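Here's a quick briefing for anyone opening this structure for the first time. Have a look at the picture, then read on.

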There are 2 protein chains.
Amino acid sequence: MSDGRESLVRGKAIEAAWRGQAECLGCGIRETALFADLREQDFALIHLPIDEIDFEVGTALYHVGDPGQAVYTIRSGLVKLVSYLADGGQRIVRLLRAGDTAGLEALLGLEYEHTAIALRQTATCRIPREVVTRLSENTPRMHAQLMQRWQRSVQQADAWLTRLSTGNAKARVARLLLLLREGQGGEQCMLFGREDMGAMLGVTTETASRIVAEFRRTGILTEVGQNRYDCDVEALTRLADS
Amino acid sequence: MSDGRESLVRGKAIEAAWRGQAECLGCGIRETALFADLREQDFALIHLPIDEIDFEVGTALYHVGDPGQAVYTIRSGLVKLVSYLADGGQRIVRLLRAGDTAGLEALLGLEYEHTAIALRQTATCRIPREVVTRLSENTPRMHAQLMQRWQRSVQQADAWLTRLSTGNAKARVARLLLLLREGQGGEQCMLFGREDMGAMLGVTTETASRIVAEFRRTGILTEVGQNRYDCDVEALTRLADS
DNA sequence: CGGGCCCTTGACCTGTGTCAACAAACGTGG
DNA sequence: CCACGTTTGTTGACACAGGTCAAGGGCCCG
């Protein structure tokens, strides 16, 4: 079970000291993050601490239904957004990577819509809601960035439906592999638990397992380490649109 | 075939005269629309014509790939957002109803991400991109509304995945019917072509047809007119979470 | 009245879910 | 560091939901 609530018990979030505006300004990933377009003067508007928080694999950034008090910029790692279904099952509706923003709904004063769980060791910046609100009231640059973030979320959600939840199981797995490969250069890609794969693709754990196993037998995937695979992009692309 | 491109040929969009700011101010559905929170002074910022455009059933508001020059507020009717798949098939990723906004991606200078097609006679207001841009640069009220629109899109996309693309076909149809019923009071709901139903649920036309037919035989649905059905909400709710 | 179009239904077959067993990997505590 | 229990991945057998292909019927429109 990769249930976030349980995970919180065993895992532990590591909270770093407040870095403050100087750090934000010089942040290594700022150009891809929420604060990308901000100018020096804008940072003076930050009046609340922005914490750097790391999450162990399996721990939750936040849970569905929690009051949304902050957004999170993903500095590195991988986060799944989980929706729990009426029947108790779960469905992963999106993945967030370095540069992505989690919990935008907090900016509207809403509760979080999903549970966000780290799939790998993940580094984040926790930005209090009020900080973003104040910035976006005072600079159109923040405003534009927010629109882009929202648009990206919608686009990813749509792609998730059309690419990962459509077609037969083999094609879905192929598309997922291709999606994982891009965004981490090279021909390699890192997989995760079969249960999570199933929850992303809308198939059972067994089906996910069977297909990965078959891909390995046919040489489309070659294990090069702990859940790390080398993949035959050619073959996958062919399978992806079938 | 309910292909938007063909539809444009037979259908015809009816363009009304420009109503201008006075009309917007007094618009009957403004409180639910994009301009909901605007104040009187804000309307002075509108410097381009906002056309009222009606679309016949089957005609397209815009096509995927078109340069996004405007957003559309749906005044009444029903619009499907269609994504075309690699294999030539199509998938409906969302439905827009009165008060919803279509084509928000235009505000970022992007091409339209989908093809938007009227499922019923639909009345819209076409708002040029520059109008919204200028408004949102000058009033935080526009800004807040836009955020809400984006959030709503994401939420709907996620719900589409978890409710309409998960579980067995019967449950999906049941959830679709419940979704159609809400938002048009009463126990009634209006269906559309089986092909469209299939494209929404990720099943074939035949499966959609079979299930609707079965629901009619078992009395869960009762036809009360041209594609209009009375539905047993109890039974549907039971089927929906199975 | 004739031609399409869409809905419905049947027969058949394949893909996936389900249930169950086992193996491998992992973590934990002695 | 090893032994044990737990979790996770793999595989098989089987059943069934849904896809596919094909035919027929109703309805609207020209």
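Which residues are closest to DNA strand C? They are A:Asn168, A:Thr207, B:Gly193, B:Ser209 and B:Ala213, out of 18 residues that surround the strand (near means a C-beta atom, placed from the backbone, within 6 Å of it).

This is a predicted model, where local features need pLDDT of at least 70, side-chain atom pairs count only at pLDDT 80 or more, and totals for chains, interfaces and linings use all residues. Residues are numbered from 1 along each chain as its sequence is written, while chains are lettered from A and ligands numbered from 1 in the order in which they are written.

**Around the DNA**
- α5 (169–181) and α7 (205–217) of chain A, plus α6 (194–201) and α7 (205–217) of chain B, each give two or more residues to the surface near DNA strand C (helices are DSSP runs of H or I, at least four residues, and strands are runs of E, at least two, numbered from the N terminus).
- α7(B) brings the largest share of that surface, with six residues.

**Where the chains meet**
- 31 residues of chain B are in contact with 31 residues of chain A (C-beta atoms, placed from the backbone, within 7 Å).
- On chain B's side, β6 (90–97), α3 (129–138) and α4 (140–164) each supply two or more residues, and α4(B) has the largest share, 15 residues.

**Symmetry**
- A turn of 180° and a shift of 0.0 Å along the axis lay chain B on chain A with an RMSD of 0.0 Å (least squares on C-alpha atoms of residues with pLDDT of at least 70 in both).
- The two copies are thus related as by a two-fold rotation axis.
- In chain B, B:Val154 has the C-alpha nearest the axis, 2.6 Å from it.

Technical notes. Two residues are in contact if their C-beta atoms, placed from the backbone, lie within 7 Å.
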